[in-house]
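Student: Could we go through this structure term by term, setting each value against the rule behind the word?

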Amino acid sequence: MQLVVARIGRAHGIKGEVTVEVRTDEPELRLAPGAVLATEPASAGPLTIETGRVHSGRLLLRFEGVRDRNGAEALRNILLIAEVDPDAVPEEPDEYYDHQLMDLDVVLADGTEIGRITEISHLPSQDLLIVERPDGSEVMIPFVEEIVTEIDLAGQRAVIDPPPGLVDDRAEIASQRDADTEDGS
């Protein structure tokens, strides 16, 4: 199974290094020197990682055969794809690969159907589960323990306990509620 593990960013310096936007929880395994990665578009690869280092909090990679800034700039926005065993699981028990979460049914604790996970968005602050509802609309669920209370891979479902307004229209604006209380409404 192929998984996107990074996106190549800007060139860094003049010796062929590039910044990368990491899209894996295991960069030390997937983006290590010697790793051979497929690319999207496929015509740009495969690419073999020659060196890697962290500079100012960003991962910098240099690929075999890329020796200058022009070569590095030509790689910008290319996706790096690793071949992963589909049965492999992360070392931590409460971590999941994106492919494990895709197409899980999302339900409330009482079994009410919310939708199906169609995408995982990796943001700097947290990950979001993009859930397609039965009516075709989408809802974004923060992938945090307080909201996503259970991932049942065997049952192919994710159980959520969302705050008011996240998946329904019953959100109440606190200031309006307080104003109604003062008025005696």
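The exchange below takes up salt bridges, burial, contacts and a charged patch in turn.

Tutor: This is a predicted model, in which local features need pLDDT of at least 70 and side-chain atom pairs count only at pLDDT 80 or more, while totals for chains, interfaces and linings use all residues. Residues are numbered from 1 along each chain as its sequence is written, and side-chain values use heavy atoms, with hydrogens and water left out.

Student: What makes Arg53 and Glu17 a salt bridge?

Tutor: A salt bridge is a side-chain nitrogen of Lys or Arg within 4 Å of a carboxyl oxygen of Asp or Glu. The side chains of Arg53 and Glu17 meet at 2.9 Å, N to O, so the pair satisfies that rule. Arg53 belongs to strand E4 (residues 47–55) and Glu17 to strand E2 (residues 17–22), so that the pair, 36 residues apart, links distant parts of the chain; strands (E, at least two residues) and helices (H or I, at least four) are DSSP runs, numbered from the N terminus.

Student: Why is Glu17 called buried, and what is Arg53 called?

Tutor: Buried means under 20% relative accessible area, exposed over 50%, and partly exposed in between, with a 1.4 Å probe and protein chains only. Glu17 has 8% relative accessibility and therefore counts as buried, whereas Arg53, at 38%, is partly exposed.

Student: How do you know that Arg76 and Glu73 form a salt bridge?

Tutor: Their closest N and O atoms are 3.8 Å apart, which is within the 4 Å limit. Arg76 is partly exposed at 39%, and Glu73 is partly exposed at 30%.

Student: How many salt bridges does this rule give?

Tutor: The count comes to 8.

Student: Which residues is Thr19 in contact with, and is Thr19 buried or exposed?

Tutor: Thr19, in strand E2, has 9% relative accessibility and therefore counts as buried. Contact means heavy atoms within 4.5 Å; leaving aside neighbours within four places in sequence, Thr19 is in contact with Arg7, Ile8, Gly9, Arg10, His12, Arg58, Leu59 and Leu60.

Student: What makes Glu95 eligible for a negative surface patch?

Tutor: Patches are made of residues with over 30% relative accessible area and no salt bridge, like charges being joined within 9 Å and nonpolar side chains (Val, Leu, Ile, Met, Phe, Trp, Tyr) within 5 Å. Glu95 is partly exposed at 33%, so the area condition is met, and Glu counts as negative. The patch is formed by Glu92, Asp94, Glu95, Glu145 and Glu146. Glu95 itself lies in the loop between strand E6 (79–83) and helix H3 (98–101).

Notes: Areas by Shrake-Rupley, 256 points an atom, 1.4 Å probe, with all protein chains shown as cover. Charge placed at Lys NZ, Arg CZ, Asp CG, Glu CD.
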